[in-house]
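Biologist: Hi! Could you walk me through this model?
Modeller: Happy to, here it is.

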Amino acid sequence: MSDSERLKIIIIGAGIAGLAAATALRAEHQVLVLESSRLKQEVGAAIHLGPNASKIAIERWGMDLTRLNSPEVAWYTEYTQQGEPQIKAQIDTRRDFGAPWLLNHRVDLHQELRRLATDAEGPGAPATVRTGARVLSVDGDEGTVTLGDGEILKADVLVGADGIHSIARTAVLGYDLVAKRSGHSAYRMLIPREKVIEDPELSFLVDGTSLGITTFVSHDRRVVAYPCRGSTRPELLNIVAIVPDRALEAGSTESWSAEGSVAELVASFSSFAPKLRPSCGLWQLRDQDPLHSWTRGRLIIIGDASHAMLPHQGQGGGQSVEDAEALGALLSGLTRAQSSRIPQRLQLVESVRIERASKIQGYSREKALGAKDGNTFTLNAGEFSAYNYSYFGALDWARKLGIEVDGLEGGGKEQVAGRDGDEKEPSEAPVRQALASLVAASG
Ligand SMILES: Cc1cc2nc3c(=O)[nH]c(=O)nc-3n(C[C@H](O)[C@H](O)[C@H](O)COP(=O)(O)OP(=O)(O)OC[C@H]3O[C@@H](n4cnc5c(N)ncnc54)[C@H](O)[C@@H]3O)c2cc1C
């Protein structure tokens, strides 16, 4: 395809969703990513990517696991608040779901996605990332964005990947939507390996022989710990401590992220055994109801802009990766001469994605806040993990939903491996059990 035939695509936001979308779209289209920050502030802490997302990133986009250098989950261990072991189970998602479950430093994941999006060696043309470019308004019908300095840019497709405070979402919905307080906040911290190793009771958390996710749970608060940065000898231990807002002296900050108070954090865990009390950033956890639409004209929203969710399933980033893959698959083959078909193709992306993302969003809420009337899922936690992880790309999912994918029906090349007609039976019993517990404790 010549340059003049390629669709012009503007992506608003260079977070996980925006960079993943740029990676998925660069093979066939011209991609410009507009990012308001200078990208030096990418938030620390870690993010785990389940096999549904890692499969796409590795098989479809060529994510380099050596560069990423992330440990894989080999164990899931759960303790009570008194430090009594409840569950210790070996995990092998490569065997059960065909891809690793990766424990990433956020900066490392971000850098690898940026490399995939912009590297000269990749497929098609490298995406351009313009930093310091804040988008002030978006017009989905016209296909234009207006920047802070008044510049107006026009494209065939606009992708709003601008996170939970999205202005692209306002352009889709026609009104501002503010995500609701969930009543919980999360402290997040990274502790150097040396510090953890010094403590004989906690050193196993970064010990290369038993890497994985460890949780300490009570009825309304939990600590989730896992190593990152260093596939066999991790440099850091990531800790997320989720507490009810009322456990904090002054309630959680309105600005949604702030410097966390160690004193408040430690006080919140005073009922835990001494060795488990943590000694930091603070995030107020916000929640959003499923949206009725993700598209308007030439604009589609993805990632947290379209389905911000509580972190209890560890799927917000994973769903962003799935959105990105769907965009790549379902805009495939479109040229500028067929530009009039873009709104319909974006609606197709929405149709294929919205039910699944909303379900995972709702389940994350239920796991965090408990079931409410009208919000009760019939799958148990183990089954839901299988639902999360048994995903083989948008075309496969469209077939499952019975959605006709006009002109792309034969698109086997768009699929990720692991599905050849027969449903792959996921996880064996111990893994199911561990996963069932994990989904209730993730972060
Ligand atoms: C405590 C916690 C733990 C989590 N753990 C996990 C986990 O383990 N696994 C998982 O999959 N998910 C996890 N998540 C969720 C995950 O972090 C998010 O779903 C994911 O980062 C969303 O990515 P995004 O690109 O949609 O949004 P963001 O990361 O918010 O990126 C949006 C980008 O858009 C830019 N931007 C915003 N507005 C504009 C504008 N007007 N113009 C230009 N640029 C703009 C921003 O600067 C930013 O770079 C967790 C979340 C929390 C809070």
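Modeller: We can go through the ligand shell, the overall make-up and the core.

Modeller: Two notes before that. This is a predicted model, where local features need pLDDT of at least 70, side-chain atom pairs count only at pLDDT 80 or more, and totals for chains, interfaces and linings use all residues. Residues are numbered from 1 along each chain as its sequence is written.

Biologist: Thanks! Which residues come nearest to the ligand?
Modeller: G13, G15, G163, G303 and G316, out of 35 around the ligand. A residue is near if its C-beta atom, placed from the backbone, lies within 6 Å of the molecule.

Biologist: And which element gives the most to that shell?
Modeller: That is α10, with four residues. Elements giving two or more include α1 (16–25), β12 (180–192) and α10 (316–330). Helices (H or I, at least four residues) and strands (E, at least two) are DSSP runs, numbered from the N terminus.

Biologist: Switching topic, how many helices and strands are in the protein chain?
Modeller: The protein chain has 14 helices and 19 strands.

Biologist: What about the largest nonpolar core, which residues touch the most other members?
Modeller: I11, I12, A21, V159, I302 and L327, in a core of 113 residues. Such a core is a set of buried Ala, Val, Leu, Ile, Met, Phe, Trp, Tyr and Cys residues joined through C-beta atoms within 7 Å. Buried means that 20 or more other C-beta atoms lie within 10 Å of a residue's own, with C-beta atoms placed from the backbone.

Biologist: How much of the protein chain counts as buried?
Modeller: 52% of its 443 residues.

Notes:
A residue is buried if 20 or more other C-beta atoms lie within 10 Å of its own, exposed if 12 or fewer, and partly exposed in between; C-beta atoms are placed from the backbone.
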